[in-house]
Amino acid sequence: MLRQLDTKGWAIVSGVFSNALMRDIESALEAALSRREKIRRENHVDGQNDGTLHHLLVDHPAFLEVLEVLASFDPLIRAFLSGNYILNSYGGVINRRATKAYVHNVHRDIRFASDAKRFMLNCLVMLDDFTLENGATFLLSSSQSRDSRPDDKQFFDQSERAVGPKGSVLFFDSRLWHATGPNLTDYPRKALTLTFTSPFFKQQLDYPRLFGYENGDSLSLFLRQVVGFNARVPATLEEFYLPVEKRYYQRGQDE
């Protein structure tokens, strides 16, 4: 699969998640969306946000369980990013008929290209079957080294679609030009959207703080690394001057 990510820029793995976990996530999404829409309204946040959810990590235990399942792909993600990595963002999309969000525009999720080193990998969890009718993601294969945005006609004429069954995972190079497809059905098409980066990248939200610094010791070694507990920034001199084993930014993060 690493070879496919190197060349085509994306790959789909089916049968990753159980139906039981998918049901738990689906039941948590609507409440999570309502909470975020309320905050956006109160903070007068403009923009095309229909159906988008950001920073779901602690909304429900099922979202943390997703990371535990993804531990089986740890060798792949480490190989792709050439070393350790952390969670950079944890979002979701509820794609409904006639909705329009920024994810429907042709875009990529990292705003610079580097062929020398890769810094970010996208991971999309299909909570429903992804079909041509309900908005399966458009992906312009092998466009990860392309600096300029393709025009819409070229993109949609040449793109492939990420079609797959519920419970599948789509991995793709974050430099790849892509877009969410329009949902032409009467049923919402749901997905989780995660990104992983090298540890020195700033997380979109301080996930260790969100999770609770005091709760870090309850996590497995894998989750402690991925959530970001080993790549924090000290805020005081007392937090800076610590024994090696207690330092906020642990040794070996950039290896």
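User: How many bridges join strand β4 to β7, and in which sense do the two run?

Analyst: In this predicted model, strand β4 (residues 120-126) is joined to β7 by five bridges, and the two run antiparallel. Two strands count as paired at a minimum of at least two bridges, so with five bridges β4 and β7 are called a pair. Within this pairing, Leu124 stands opposite Leu170 in β7.

User: What makes β1 a partner of β7?

Analyst: Strand β1 (residues 10-13) is joined to β7 by four bridges, again in the antiparallel sense, and because at least two bridges are required, β1 and β7 count as paired. Val13 has Val169 in β7 as its bridge partner.

User: How many residues of β7 are buried, and which lie on each side?

Analyst: Strand β7 (residues 169-173) is mostly covered, with five of its five residues buried. On one side stand Val169, Phe171 and Asp173, on the other Leu170 and Phe172, and all of these are buried, so that both faces are covered.

User: Why are β6 and β8 said to stand at the edges of their sheet?

Analyst: The open sheet in question has three strands in the order β6-β5-β8, with antiparallel pairing. Strands β6 (160-161) and β8 (178-179) each have a single partner strand, so one side of each is left without a neighbour in the sheet. Strand β5 (residues 138-139) pairs with β6 in the antiparallel sense over two bridges, and because the requirement is at least two, this count is enough for a pair. Phe138 stands opposite Arg161 in β6.

User: How do you know that the charged end of Arg161 is close enough to the ring of Phe138 to sit over it?

Analyst: The charged end of Arg161 is 3.8 Å from the centre of the Phe138 ring, and because the distance limit is within 6 Å, this value passes; the charged end is also recorded as sitting over the ring. A second case is Arg118, whose charged end sits over the ring of Phe80 at 4.1 Å from its centre.

User: Why is the pair of Phe155 and Phe156 called edge-to-face?

Analyst: By the rule used here, the count comes to eleven aromatic pairs. One of them is Phe155 with Phe156, with 4.9 Å from centre to centre and 85 degrees between the planes; because centres must lie within 6.5 Å and planes over 60 degrees apart count as edge-to-face, both values fit the name. Phe155 is buried, with a relative accessible area of 0%, whereas Phe156 is partly exposed, at 33%.

User: What makes Phe211 and Phe229 an edge-to-face pair, and which parts does the pair tie together?

Analyst: The ring centres of Phe211 and Phe229 are 6.2 Å apart and the planes stand at 85 degrees, so the pair is edge-to-face. Phe211 lies in helix α6 and Phe229 in the loop between α7 (221-227) and α8 (237-240), so the pair ties together parts that are 18 residues apart in sequence. Phe211, at 17%, and Phe229, at 1%, are both called buried because their values are under 20%.

User: How do you know that Arg36 and Asp59 form a salt bridge?

Analyst: The closest N and O atoms of Arg36 and Asp59 are 2.7 Å apart, and because the limit is within 4 Å, the pair qualifies as a salt bridge. Arg36 lies in helix α2 (residues 19-42) and Asp59 in the loop between β2 (52-54) and α3 (61-70), 23 residues apart, so the pair links distant parts of the chain. Arg36 is buried, with a relative accessible area of 10%, whereas Asp59 is partly exposed, at 26%.

User: Why are Lys153 and Asp157 called exposed?

Analyst: Lys153 has a relative accessibility of 63% and Asp157 has a relative accessible area of 53%; because exposed means over 50%, both residues earn the word. Their side chains meet in a salt bridge of 2.7 Å, N to O, and both lie in helix α5 (residues 152-158), four residues apart, about one turn of the helix.

How values were computed:
Residues numbered from 1 in each chain as written. Predicted model: local features only at pLDDT ≥ 70, side-chain atom pairs only at ≥ 80, totals over all residues. Heavy atoms only, no water. Phe/Tyr/Trp six-rings, centres within 6.5 Å; stacked < 30°, edge-to-face > 60°. Buried < 20%, exposed > 50% of the residue type's maximum accessible area, 1.4 Å probe, protein only. Lys NZ or Arg CZ within 6 Å of the ring centre and 35° of its normal.
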